[in-house]
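Open your viewer and get comfortable. We will go from stop to stop, and at each one you will hear what to select and what is there.

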Amino acid sequence: MFNKLYENIKDFMKNNWSYLLTFGIILAIFLIKIPYQVEMPGGIIDLNNRVTINGEEVDDIEGSFNMAYVSVVQGSIPYSLLSFIIPDWDLVKSSDVKMDNETVEEANKRDKLYLDQSKNYAIVAALETAGIKYEIKNKVNYVAMVSEDSKSDFKVGDYILEVEGKTLFDINELTDIISNTDVGDTLTFKVIRDKKEVDVKAEVYEDEDKHYIGIFVITNFDIESELDVKITSKSSESGPSGGLMMALMTYNAITGKDLTNGKKIVGTGTISLDGTVGEIGGVKYKLMGAVKNKADVFLVPAGDNYEDALKTKEEKGYDIEIVSVETLKDAIEYLEGA
């Protein structure tokens, strides 16, 4: 039986070797990864039903608030070649979106940390703008980036517990310790990595008369207020660029207003604790996604992002209102007057 099966397989391969070879080459072309990624027009994420207050969903609005995103395909030969043919596809070096000394997984982990921080920043900015008292408690510090100059054992995602035996709450304390440590000396940290406590060493170095250990830290925290506000997200979502729209949706839910006026509001931009809106990347792709999804308004950070959006609108002949905002209050005032 096995001999007959073997002969059948051998005959099939002998008679069809050219097809099998071609299939193998095509498969290899698609599977081989190159150090590039292709960025293209994205879509929007509806934020209705994403905010809860005291455990209850708040979604009583006629229109919608939406985050815009860029679609990204990891580099393969076919997609890379198509980027030279399709006008709205761009080939980008992977090194432009991640450090040379880190993996894609570490870059993704950093983006997840940014998303968690952005949700908290959005809640604080909304509470502050609405005039509702709150307290920031239980600060935690995560390593979001390890530079190529760093002489340390840090990994992206490390939760820093202690430095030199001292519990670390405020990142400014770490800055002071590093500044007062001699160049070449080593600091000892205790971190949580993969749910285990680990000791990490970091050597202090100097650059332009300042002391560093070559890490960038993201601080997250708990928010205590008379309103227990939460923003939910999906596992596929990451990054800080949805901050403005999450803050708008949260403010809308807190105040009970309907700032949408029945319109589909799409936007992008980071948010800070004081409500300042920061610039982001890929604004033209996000605008394209907003137009594709029939948005009425596109909110965009002031400055280069706004100029890029206007340029894309003119080139494409889009019929959409593009609004420049510097702060959360700017966005609220525009929508209240629209």
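The tour below visits helix contacts, then salt bridges, then a loop residue. Keep in mind as you go that this is a predicted model.

**Stop 1: helices H6 and H9**

Start by selecting residues 243-255, which form helix H6, together with residues 328-337, which form helix H9. Their axes lie 10 Å apart, and the two helices pack at an angle of about 55°. That angle makes H6 oblique to H9. If you turn the view to look across the pair, the crossing of H6 and H9 is right-handed.

Now show the side chains where they meet. On the H6 side, pick Leu 244, Ala 247, Leu 248 and Tyr 251. On the H9 side, pick Leu 328, Ala 331, Ile 332, Leu 335 and Glu 336. What is the make-up of this contact, in nonpolar, polar and charged residues? Colour by residue type and you will find eight nonpolar, no polar and one charged.

**Stop 2: helices H4 and H9**

Keep H9 on screen and add helix H4, residues 104-130. The axes of H4 and H9 come within 11 Å and cross at roughly 60°. H4 and H9 are therefore oblique to each other, and H4 passes H9 in a right-handed crossing.

For the contact itself, select Ala 125, Ala 126 and Thr 129 in H4, then Leu 328, Lys 329 and Ile 332 in H9. The residues of this contact divide into four nonpolar, one polar and one charged. You have already met Leu 328 and Ile 332, as both also take part in the contact of H9 with H6.

**Stop 3: salt bridges**

How many salt bridges does the structure hold? There are eight, and we will visit some of them.

Select Glu 224 and Lys 137. They form a salt bridge in which the closest N and O atoms are 3.3 Å apart. This pair links distant parts of the chain: Glu 224 sits in strand S14 (residues 215-225) and Lys 137 in strand S6 (residues 134-146), 87 residues apart. Is Glu 224 buried or exposed? Glu 224 falls in between, being partly exposed with a relative accessible area of 39%. Lys 137 is also partly exposed, with a relative accessible area of 30%.

Next, select Asp 158 and Arg 193, whose side chains meet in a salt bridge at 2.8 Å, N to O. Asp 158 lies in the loop between strand S7 (151-152) and strand S8 (159-163), while Arg 193 belongs to strand S10 (residues 186-193), 35 residues apart. Switch on a surface here: Asp 158 counts as buried, at 1% relative accessibility.

For one more pair, select Asp 199 and Lys 190. Their side chains meet in a salt bridge at 3.3 Å, N to O. Lys 190 is partly exposed, with a relative accessible area of 24%.

**Stop 4: Asp 88**

Finish by selecting Asp 88, in the loop between helix H3 (77-82) and strand S5 (90-93). At 24% relative accessibility, Asp 88 counts as partly exposed.

Add Pro 41 and check the C-alpha distance. The two residues are 47 residues apart along the chain, and their C-alpha atoms are separated by 6.9 Å. Which residues is Asp 88 in contact with, leaving aside neighbours within four places in sequence? Show Glu 39, Met 40, Pro 41, Tyr 285, Met 288 and Lys 316 to see them.

Key
Residues are numbered from 1 along each chain as its sequence is written. This is a predicted model: local features need pLDDT of at least 70, side-chain atom pairs count only at pLDDT 80 or more; totals for chains, interfaces and linings use all residues. Side-chain values use heavy atoms; hydrogens and water are left out. Axes are lines fitted to C-alpha atoms, for helices over the stretch in contact, and angles run from 0 to 180 degrees between N-to-C directions. Helices (H or I, at least four residues) and strands (E, at least two) are DSSP runs, numbered from the N terminus. Angles under 35 degrees count as roughly parallel, over 145 as roughly antiparallel, 65 to 115 as roughly perpendicular and the rest as oblique. A crossing is left-handed if the near helix is turned anticlockwise from the far one by less than a right angle, and right-handed if clockwise. Contact means heavy atoms within 4.5 Å. Ala, Val, Leu, Ile, Met, Phe, Trp, Tyr, Cys and Pro count as nonpolar, Asp, Glu, Lys and Arg as charged, and the others, Gly among them, as polar. A salt bridge is a side-chain nitrogen of Lys or Arg within 4 Å of a carboxyl oxygen of Asp or Glu. Buried means under 20% relative accessible area, exposed over 50%, partly exposed in between (1.4 Å probe, protein chains only).
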